[in-house]
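Work through the exercises below with the sequence and the structure open. Each task is followed by its solution in steps.

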Amino acid sequence: MTVTVAAVASIVIVVERCAGVWVLATLCGAWLLAGVTLFDAGWFHPRRDLLAAAFGLRRPVAGESDALSTAWANLSQRPGVDGWGYSLWIQQSPQINAYAGPARLVAVTSWAVGTLPPRELEAVLAHEYGHHIVSDARLRLLEAWISAPVRLAQRLGTLPGRLVTRRATGPIATAVRYVSAVLILAVAAWSLTPAAGWPATAMAVLLGVEPLATAARRRRAELRADAIAVHLGYRHELADALLRRQRPTGTEPAAPFRRWFDDHPPIPDRLRAMTLPERGRQGPASP
C-alpha cells in the first residue's frame, strides 16, 4: 500500500507542475466525488445490487441458491464464525474461483457451485470469509479509491500492449503488456522531466514497481485467508479444491511474469503453507 500511495503522490505532483493547480483541483474534485460515491454504495448505504453488477456478479438461481445457502449455513455453525449479514452471489465462469467484495459480498463461480462437492464448496466459502475478517472492508474500499489514479495510468500505459496481444492470455501476453508499459513510462518520464523535474522520474519508477508490490501483497492475503479456512477445519477440502484449479508449471521464457503478477500464490506454495503447524496463527474473529 505504501508504494501505491507514493505513486499517487507522484502523479499529483506531476499534474500540478505540468497542468497547473486548477486542473489538479478539478481532477481531485472528481476523484473525491468518486470516493464519496464508492463509500456510500459500499459501506454507508450498501447498494449490493449495484456493486454486484459492477463486479459482474448475478444472483444465484434455485439450485445454486440451495447449495450456497446450505454450505454457508454449515460454515456459520463453526465456532467463532459470524455468518450474519453476508450476501451470496454467482460469477458466471467455467473456472473455479471466488470473490470477497465490499458490503459483505461473497461470490463463487457457477462452475464451483455446480461442480464442487458440498464440503469443498464450504472450504472455498471459508477462504472468502477469511478475506473478510483478516482485512477490514473499509480499508479495501479506501485502497480501491486511493489506487484509482494509479490504475488509470497503468491502464493507459498497457494500452499498446493490449492492442498488440488482443484477447491473448498467459505469461507471454503479460510480458508484452508490461514491457510496453515500461517503455511508455520511460518516454513519459523523459518528456515530462523538463516541466515536472525529478517527480516525473519518480512517477515512472513507482508506476512500474507498483503492480509487483500490489500482487505480492495480495498473494500474502491469499495465504492468510487459507490459514483461516484451515483453522476452521477445512484443510483437506480446501487442498482438494485448490488441486482442481492447479495448472502445469510454465516453461515459457516469460513464465516468471505469471508468478510476479499473479494475485494468487502458486498452488504448491499454498499447499505447503497449509501443512504448517497451527501454533501462532490467529483464529477467526467477528468482522
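Two strands pair if DSSP finds at least two bridges between them. Helices (H or I, at least four residues) and strands (E, at least two) are DSSP runs, numbered from the N terminus. The model is predicted: local features need pLDDT of at least 70 and side-chain atom pairs count only at pLDDT 80 or more, while totals for chains, interfaces and linings use all residues. Residues are numbered from 1 along each chain as its sequence is written, and side-chain values use heavy atoms, with hydrogens and water left out.

**Exercise 1. Lay out the sheet.**

Step 1. The protein has 14 helices and four strands. The four strands form an open sheet with mixed pairing, in the order β1-β2-β4-β3.

Step 2. β1 (57-58) and β3 are at the edges with a single partner strand each, so one side of each has no neighbour in the sheet.

Step 3. Take the pairs in turn. β1 and β2 are antiparallel and share two bridges; here leucine 57 stands opposite glutamine 91 of β2. Strand β3 (residues 98-101) is joined to β4 by four bridges, also antiparallel, and alanine 98 has valine 108 in β4 as its bridge partner.

Step 4. Inspect the turn. Three residues lie between the strands of the β3 and β4 hairpin, where alanine 103 takes a positive phi near 55 degrees.

**Exercise 2. Find the helix that lies across the sheet, and trace the core.**

Step 1. α4 lies across β1, β2 and β4, at about 135 degrees to β2. The angle is between N-to-C directions, on a scale from 0 to 180 degrees, with axes fitted to C-alpha atoms, for helices over the stretch in contact.

Step 2. A nonpolar core is a set of buried Ala, Val, Leu, Ile, Met, Phe, Trp, Tyr and Cys residues joined through side-chain atoms within 4.5 Å. Buried means under 20% relative accessible area (1.4 Å probe, protein chains only).

Step 3. The largest such core has 33 residues, and those with the most contacts inside it include Leu68, Trp72 and Leu125. α6 gives the largest share, seven residues.

Step 4. Leucine 125 touches Leu68, Ala71, Trp72, Leu75, Val106 and Val108, leaving aside residues up to four places away in sequence. Contact means heavy atoms within 4.5 Å.

**Exercise 3. Which residues of α12 are buried, and what covers them?**

Step 1. The buried residues in α12 are Glu237, Leu238, Ala239, Ala241 and Leu242.

Step 2. Their cover includes α6, α11 and α14.

Conventions:
Buried < 20%, exposed > 50% of the residue type's maximum accessible area, 1.4 Å probe, protein only.
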